[in-house]
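Trainee: Could you take me through one part of this model up close, a place where two helices pack together? I'd love to see how it fits with what is around it.

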Amino acid sequence: MTIALVAMLLMLAGASLLTGPTRLDSADFINGIVGSGDPIFRAILLELRLPRALLALLVGGILGLAGAVLQGYLRNPLADPSILGTSNAAALGAVIALYFGFAQAHPLALPAFAIAGAVIGLLPLLLLAGRSESALSLILAGVAVGTLAGAGISLALNLAPNPFAAVEIMSWLMGSLEDRSFQHVWLALPCITVGAALLLWDGRALDALTLGEDAARTLGVDLRAVRFRILLGVAIGIGGAVAVSGAIGFVGLIVPHLLRPLSDRSPSSILLPSAVGGAVLLSAADITVRLIPADTELRLGVLTAMLGVPVFLYHLVRERRLW
Amino acid sequence: MVNLVASKLCISFGSRAILHDIDLELEGGSLTSIIGPNGAGKSTLARALCGLLVPDSGAVRLGDVAIEARGKTMARRIAYLPQGQTVHWPVSVERLVALGRLPHLAPFSRLAATDREAIERAMKSADVLSLRDRPVTELSGGERARALIGRMLAAEAELLIADEPLAALDPGHQLHLMELLRKQADQGRLVVSVLHELTMAARFSDRVVLIDEGRIVADGKPQTVLTPENLERCYDVRAWSGVIEGFPVIVPISRSSPPGAENAR
């Protein structure tokens, strides 16, 4: 399954480099890579499309992985990366950067604020995690953090000095990978790598949690350490992703669901496939937004939700006997 | 052979004391049933015996180490089946049984040949070989209970603790499961089971521990503990006990206090 997904991913990454307002054929593509050929084409390829393609892979990958890990950890098929409030907290950080004009001052201010937001949003969860071992209290705290951050975003929209500022915030919130540079890649890459490593660590522990928390502990799982790694991994990884792409919903929810029937249904078996699957889905969506003719490019978050939900509902109807 | 010793064990949740001064010494190669009315503290005792609870005072030791549900070394020695075990994902029976091997696996490794053999043995003992590819969530109650016992057996731990393994099973499956636990004890393991089925406790246990309101009321061979006096005292029932075809049988007949007595008081 993973091999098939990786093959799809490579094809899509190639397609992503060939998609855009300027037509490039495969000859330009090869010339661009080896360094000969038209320097404008080369610039388009390496400085505009390559970062975009790489970010789609990174962001999609961490969204899929975080979704799979959280569904396994919380033993709840409804979980997605936003359930712990991290996405909203990161988005609030970015909105603050937009609202107070830091984002105009320096191109990296917005992503840096987003990551800071994710980390600050994590603090109440970590405080709680030290005291209790139940997953349910964590969900409740996550919902609280998410709601508070959501209210903060609404407040910024409410107080926006003019309609343009509000539109800027809203369109950022909808998620996009348009006009990203390698600066964004270098910012997101370390966050997403560290986050992914933390999240991939605990596959076995997630399997043990299939039997509940008591049984998992008697199987040798240190629940506090697991929870700490997962919280940190989600905050750093998702913080990094939201920082460069805005809020992109549904990838983290649907990818594990789509892949689970192809696996042995244990939480660990879908971690890596979900990362690759998330990257496939987001790459495909990012190509689609470029192909749909429109005055302004469709927002990625809008497309993933609009395409994701029907697929998800169809899948639920087919799989409902198991829930 | 391994032994499990609880000494002066006290456990409370918040301000509510659950267990008081529990002293218990259990030997490997025996099957011990913990019985008692609802709310007596049976499950708390079972959880404390496998190190899931931190006692307020006193200690539980397995051999010469204090028991604590932490780390793989200890996990290899204990297999615990919680009360009303739920399985959260529709994994296959084989995958479920394989979870019992988790404490034996090196990080990020695949199942070794010894693990596969242990899984096969456990599935054979629990009589679930024919169910190996079925999702656990689609099994009947009896099949599911056997698969869960299989998960316990796969660990090949020296201490087995099962909390109400017979709940919601029909009489045939109850006998089957008790035979399974009996066999584990006969192979030298230390088996502890929380039970409500008095006849099963009387027939299969080497020892019965009766607890009520957090204290041990009686502890010893089944016939010395499961007396009409003890049952009346703890369960508030009159019971008939006798022997049929050589097997002890205990049947509750009526509540000791006549119906309506609580209201009259």
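**A helix pair in chain B**

Mentor: Happy to! Helix 4 of chain B and helix 5 of chain B make a right-handed crossing. Keep in mind that this is a predicted model. To find the pair, look for residues 113-125 for helix 4 of chain B and residues 141-154 for helix 5 of chain B; their axes come within 8 Å and cross at roughly 140°. That angle makes helix 4 of chain B oblique to helix 5 of chain B, because an angle has to be over 145 degrees to count as roughly antiparallel.

Now look at who meets whom. Helix 4 of chain B brings Ala118(B), Ile119(B), Ala122(B), Met123(B) and Ser125(B), while helix 5 of chain B answers with Gly150(B), Leu153(B) and Ala154(B). Sorted by class, this contact holds six nonpolar and two polar residues, and no charged ones.

A pair in chain A makes a nice companion to this one. There, the axes of helix 4 (residues 86-99) and helix 7 (residues 135-158) of chain A also come within 8 Å, but cross at roughly 20°. Helix 4 of chain A and helix 7 of chain A are therefore roughly parallel to each other, and their crossing is left-handed. Among the residues in this contact are Leu92(A), Val95(A) and Tyr99(A) from helix 4 of chain A, with Gly146(A), Ala149(A) and Ile153(A) from helix 7 of chain A. The contact divides into nine nonpolar and four polar residues, again with no charged ones.

Back in chain B, have a look at the open sheet too. Four strands line up in the order 2-1-4-5, with antiparallel pairing. Strand 2 (16-27) and strand 5 (65-66) of chain B each have a single partner strand, so they stand at the edges with one side free of a neighbour in the sheet. Further in, strand 1 (residues 3-13) and strand 4 (residues 57-62) of chain B run antiparallel and are joined by five bridges. You can spot Ala6(B) standing opposite Val60(B) of strand 4 of chain B.

Finally, step out to where the chains touch: 19 residues of chain A are in contact with 25 residues of chain B. On the chain A side, helix 10 (203-209) and helix 11 (213-218) each give two or more residues, and helix 11 of chain A gives the most, with four. That side of chain A has six nonpolar, five polar and eight charged residues, whereas the helix pair we began with has no charged residues in its contact.

Definitions and conventions:
Residues numbered from 1 in each chain as written. Chains lettered and ligands numbered in written order. Predicted model: local features only at pLDDT ≥ 70, side-chain atom pairs only at ≥ 80, totals over all residues. Contact = placed C-beta atoms within 7 Å. Nonpolar A, V, L, I, M, F, W, Y, C, P; charged D, E, K, R; others polar. Axes fitted to C-alpha atoms, helices over the stretch in contact; angles between N-to-C directions. Parallel < 35°, antiparallel > 145°, perpendicular 65-115°, else oblique. Left-handed = near helix turned anticlockwise from the far one by under 90°. Pairing = 2+ DSSP bridges.
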